Amino acid sequence: MIDYQPLLERWREGDLARWAEVLPAQLEAGLSAARHGDLPRWLTVLDALPDIEVSTIHLDRARVGADAAHPLDTAAQDALRSTLMGLHPWRKGPFELFGVHIDTEWRSDWKWDRLAADIAPLAGRRVLDVGCGNGYHCWRMRGAGAAEVIGIDPTPLFAVQFWALQKYLQQPQVWLLPVGVEQVPEKLQAFDTVFSMGVLYHRRSPLDHLLALRDCLRPGGELVLETLVIEGGPGATLVPEGRYARMGNVWFLPSCPTLLGWLAKLGFTDAKVVAEAATTTDEQRATPWMTFHSLANFLHPDDPRLTVEGYPAPRRAVIVANAPGG
């Protein structure tokens with residue numbers, strides 16, 4: 001079910017040819033059973049998904065999903081639900097397949113709703129989604145008219161979840177590659193829009209990450225950046241001494257003015273904040289599809305305005321900017 005050959009053939013000529021040359025080796029490494037011990041089990045789940053005739057596909061609503069040509073009875077829905085549960089935890093969504101609601105940890109549709117009206121129209125554009133998880137937003141981008149959507153995320157479980165959904169969503173214009181942004185060829189300048197959502201604060205060098213995103217964009221292309229921020233003026237940045245909200249890989253949380261300054265220093269133009277809000281336990285929470293600890297467990301028990309470590313609680317912003325040269 002995992003077949004990247006159509007994409008490789010499409011990319012062999014044009015401005016993505018350089019990536020097509022190295023992509024087979026990247027795919028082999030990213031989906032290597034020797035490196036990822038659970039991968040054979042996940043692939044068994046993928047193979048066990050039933051064939052269901054699809055009547056309607058929904059890419060432009062909160063619950064991305066599909067309807068069956070012949071509605072599933074309760075037993076068939078239960079069997080599908082049980083199989084999909086074999087790919088737990090489901091973090092980004094929600095999805096609904098043939099009456100089965102995949103109630104993910106994140107209400108990722110809320111994030112989409114916050115930014116959709118303020119980005120350049122995606123119709124006809126080639127889009128890159130960096131750190132895409134299982135691809136929820138990739139399908140929303142396609143639903144908004146993008147001509148080609150490439151999601152990248154090095155987590156193999158997310159790749160298998162994507163292919164489980166792709167079995168029914170059937171979108172040859174949408175792909176998920178099990179790679180990180182550092183594996184994208186340098187100065188590719190091939191994408192009209194690049195999204196980076198929930199990635200920047202995990203980078204030891206945020207400026208290098210922004211440079212990598214800039215180099216993926218064609219001149220004048222649009223960056224859509226979503227990240228954790230703090231309140232404060234220019235120069236304000238939180239560097240947690242240890243963990244932040246129990247995450248060990250959080251390095252820099254800038255204020256919005258600081259982040260705008262970084263973008264200007266790197267040559268981005270027309271940068272602006274289009275959304276900023278505290279993350280709530282309605283947006284990120286444990287569900288039957290993600291039963292591990294979630295945001296409620298990461299906040300201070302006596303003051304939800306703080307993390308358990310005493311830092312300001314998670315606050316997220318969306319910034320849009322244009323690459324230089326357009």
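Which residues do ring pairs link into a cluster? Colleagues, that is the question with which I open this presentation. The structure before you is a predicted model. The cluster consists of Tyr4, Trp90, Phe95, Tyr136, Trp139, Phe162, Trp163, Trp175 and Trp289.

I begin with the aromatic pairs. Across the whole structure, the search returns 13 of them. One involves two members of the cluster, Trp90 and Trp289, whose rings meet edge-to-face, with 6.3 Å from centre to centre and 85 degrees between the planes. Trp90 belongs to the loop between helix H4 (74-85) and strand S3 (95-97), and Trp289 to the loop between strand S12 (269-278) and H10, so this contact ties together parts that are 199 residues apart in sequence. Both Trp90 and Trp289 are buried.

A further pair is formed by Phe98 and Tyr168. Their ring centres are 5.0 Å apart and their planes stand at 90 degrees, so this pair too is classed as edge-to-face. Here again, distant parts of the chain are linked: Phe98 sits in the loop between S3 and strand S4 (100-102), Tyr168 lies in helix H7 (residues 156-169), and 70 residues separate them. Are these two residues buried or exposed? The cut-off for buried is under 20% relative accessible area. Phe98 has 5% relative accessibility and therefore counts as buried. Tyr168, at 1%, is likewise buried.

One aromatic ring has a charged neighbour. Lys111 is placed over the face of Trp106, 5.4 Å from the ring centre.

I turn now to the pockets. The largest has a volume of about 910 Å³. Its lining comprises 37 residues, and those nearest the centre are Lys92, Phe158, Gly198, Tyr201 and His202. Which helices each supply at least two residues of this lining? They are helix H5 (108-115) and helix H10 (295-298). By residue class, the lining of the largest pocket contains 16 nonpolar, 13 polar and eight charged residues.

The second largest pocket holds about 280 Å³ of space. It is lined by 15 residues, with Val181, Glu182, Asp208, Leu211 and Ala212 closest to its centre. How does the lining of this second largest pocket divide? There are seven nonpolar, two polar and six charged residues.

To close, I would leave you with two points. In this predicted model, the pair of Trp90 and Trp289 ties together parts of the chain that are 199 residues apart, since each residue lies in a loop of its own. The largest pocket, for its part, has 37 lining residues.

Terms used. Residues are numbered from 1 along each chain as its sequence is written. This is a predicted model: local features need pLDDT of at least 70, side-chain atom pairs count only at pLDDT 80 or more; totals for chains, interfaces and linings use all residues. Side-chain values use heavy atoms; hydrogens and water are left out. On a 1 Å grid over the protein atoms alone, a cavity is a set of points where a 1.4 Å probe fits but cannot get out, and a pocket is an open set with protein on both sides within 12 Å along at least five of seven lines; lining residues have an atom within 4 Å of a point. Grid points are joined across faces, edges and corners, and a volume is the space filled by probe spheres set on the points. Helices (H or I, at least four residues) and strands (E, at least two) are DSSP runs, numbered from the N terminus. Ala, Val, Leu, Ile, Met, Phe, Trp, Tyr, Cys and Pro count as nonpolar, Asp, Glu, Lys and Arg as charged, and the others, Gly among them, as polar. Rings of Phe, Tyr and Trp (its six-membered ring) pair if their centres lie within 6.5 Å; planes under 30 degrees apart count as stacked, over 60 as edge-to-face and the rest as tilted. Buried means under 20% relative accessible area, exposed over 50%, partly exposed in between (1.4 Å probe, protein chains only). A charge sits over a ring if NZ of Lys or CZ of Arg is within 6 Å of the ring centre and within 35 degrees of the ring normal.
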